[in-house]
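Visitor: Could you walk me through this fold and tell me how each term is justified?
Guide: Gladly; let us look together.

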Amino acid sequence: METRHLPAADIAAAIRRGAVTCEQVTRDTLDRIEAENGRWNAFLTIAGDRALARARDLDRHPPADAPLLGVPIAVKDNICTRGLRTTAGSRILDSWIAPYDATVVTRLESAGAIIVGKTNCDEFAMGSSTEHSAFGPTRNPWDPTRTPGGSSGGSAAAVAAGLVPVALGSDTGGSVRQPAALCGIAGGKPTYGRVSRYGLIAFASSLDQVGPIARSVRDLALVQDVIDGADPRDSTCDPRDRVACSMHLAMPARGLTLGVPEHLLADGVDDDVRHAFEAAVDTYRALGATIVSVALPHSRFAIPVYYLVATAEASSNLARYDGVRYGLRTAGAGLAGMYASTRSTGFGDEVKRRIMLGTYALSAGYYDAFYAKAQQVRELIRADFAVALSSADALLLPTSPTPAFPLGARMDDPLQMYLADVFTVGPSLAGLPAVSVPCGLTAGRLPVGLQITGRAWNDATVYRVAAALERERPPLARN
Amino acid sequence: MASPLSDDEVRRIAALARLDLTDAEVRRFASQLTAIVGYASTIQDADTTAIPPASPAAAAMRDDVVAPGLDRQEGLAAAPDPAREAGLFRVPKVL
């Protein structure tokens with residue numbers, strides 16, 4: 001039975017009724033990754049033996065409650081997988097074997113999913129194009145001369161190329177949503193505190209969340225509901241009760257109020273992106289949703305605040321790479337010389353830039369003007385979203401102001417690269433749930449994504465809004 | 001706008017961050033960081049008089065229960081220079 005283009009839910013159902021085995025699905029998936037990964041560089045590690053052993057085990061003893069039974073899944077390489085190489089896209093962890101599983105990995109495997117490999121990403125998830133990986137860029141399946149976005153570009157490309165039905169990414173300022181948009185698929189960032197960060201290699205701890213990537217909103221919700229849940233190993237993972245993201249998928253858009261921050265679309269947005277976005281808004285209006293204009297008055301500060309807060313946290317989090325307990329060590333004069341030599345050899349340019357920016361923002365004489373001020377402006381941004389979402393059930397924006405850009409186009413201008421995140425960092429700073437769904441193609445046949453942002457802990461409404469658009473616009477065909 | 005970051009300032013920050021930079025890297029990062037810090041400085045325009053200085057986020061606390069952790073040898077498995085018999089990480093001589 002050919003399962004390549006089946007939704008995850010249908011693969012699990014086919015296995016459950018005996019139409020195909022976990023082992024067959026896993027072998028087919030591994031075969032096509034072996035055959036096709038060279039075109040995309042989506043996978044850094046293929047988990048052949050681990051995946052097959054697990055598949056045979058599931059065939060022998062299928063668990064009763066396993067919504068992802070036998071579903072192949074790709075996992076971003078900044079998520080720890082016991083016994084499997086985990087690099088975070090960095091030379092400093094080039095051959096590191098994680099000694100434990102992230103909580104999201106444990107949850108996926110308990111639900112019957114089979115991890116088939118680890119995907120490429122910008123080093124330590126710092127980037128918007130996957131070009132900052134130490135292991136070469138990933139290419140966009142829609143146009144291999146362009147980036148897939150980032151930092152979860154390997155996971156997005158693996159799903160868009162049909163190598164796997166679903167994948168995990170991580171999203172700090174847009175790293176799931178933006179590559180999903182640029183690759184024409186769906187990606188979700190949960191409310192901050194909804195998914196455990198235990199075993200996610202830390203970048204910016206007040207922002208990092210693991211999120212799903214899938215070809216359909218139903219599969220997206222299916223994976224999100226599996227990884228969702230409290231975890232005593234992450235003190236920021238909230239123990240409160242959750243409404244499942246798949247709960248309201250079938251509900252109509254009628255009756256919802258959707259807010260559009262029109263003032264953000266005035267400049268810097270590609271014309272084709274704007275047209276696709278406006279068509280999506282029109283679709284919601286036709287479906288009976290009420291469209292209102294909202295304001296996010298402090299939006300222009302979102303990127304500077306994000307890059308100060310995230311880099312300050314990164315400069316602290318990445319202090320652990322010191323050549324003592326794991327990873328690369330290179331010799332230097334004495335202990336301090338060894339630290340500096342190891343870090344200078346092991347980190348790439350973007351990581352060095354961000355560590356230095358964060359160190360600067362936290363250093364004596366600059367702390368108040370940069371880090372402390374950024375924390376205060378973050379509160380203003382959070383308050384903007386709270387006001388906008390008091391008169392709307394969800395907000396609509398393009399996920400990215402442009403479609404996928406050519407490889408190399410922004411590598412010499414870090415600031416230009418940061419602007420790719422202009423619409424995604426706001427919900428991150430505010431801790432809100434946001435999903436990107438495909439909403440059309442440019443004249444050059446590149447995908448455009450719609451970002452839907454909801455109220456904190458109301459992820460289910462975001463998925464409902466996403467599913468309503470998807471019903472009107474079936475998943476994009478690449479050719 | 002903030003003043004440009006001098007080469008010496010970049011060297012000072014790099015030292016705080018435990019990074020060794022070549023002279024060429026210092027010049028390149030000085031120019032890039034000057035542009036980024038200049039852009040970041042726009043947050044000074046935001047009126048935050050009504051916002052109190054941020055306090056650390058309160059994390060949920062749980063009971064402190066003894067549970068098995070990483071086995072010592074597993075913990076040493078990825079160390080670049082482990083002293084396995086002693087069960088220790090080894091570092092270059094400090095004193």
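**A sheet and its core**

Guide: Let us start inside this predicted model. Strand 2 of chain A is covered on both faces: P72(A), A74(A) and K76(A) are buried on one side, and I73(A) and V75(A) are buried on the other.

Visitor: What makes strand 2 of chain A largely enclosed by the rest of the structure?
Guide: Buried means under 20% relative accessible area. Five of the five residues in 72-76 of chain A meet that description, so strand 2 is largely enclosed.

Visitor: How do you know that strand 2 of chain A pairs with strand 3 and with strand 4?
Guide: A pair needs at least two bridges. Strand 2 has five bridges to strand 3 (residues 114-119) of chain A, running parallel, and A74(A) stands opposite G117(A) there. To strand 4 (residues 166-171) of chain A there are three bridges, also parallel, with V75(A) opposite L168(A). Both counts therefore satisfy the definition of pairing.

Visitor: Why are strand 1 and strand 8 of chain A said to stand at the edges?
Guide: The open sheet of chain A has eleven strands in the order 1-3-2-4-6-5-10-11-9-7-8, with mixed pairing. Strand 1 (43-46) and strand 8 (290-293) each have a single partner strand, so one side of each is left without a neighbour in the sheet. For strand 8, strand 7 (residues 257-260) of chain A is joined by four bridges in parallel, and V260(A) stands opposite S293(A).

Visitor: Which residues touch the most other members of the largest nonpolar core?
Guide: Of its 170 residues, they are L108(A), F124(A), Y284(A), L396(A), L450(A) and I452(A). Helix 9 (residues 302-317) of chain A gives the largest share, nine residues.

Conventions. Residues numbered from 1 in each chain as written. Chains lettered and ligands numbered in written order. Predicted model: local features only at pLDDT ≥ 70, side-chain atom pairs only at ≥ 80, totals over all residues. Heavy atoms only, no water. Helix = DSSP H or I, 4+ residues; strand = E, 2+ residues; numbered from the N terminus. Core = buried A, V, L, I, M, F, W, Y, C linked by side-chain atoms within 4.5 Å. Buried < 20%, exposed > 50% of the residue type's maximum accessible area, 1.4 Å probe, protein only.
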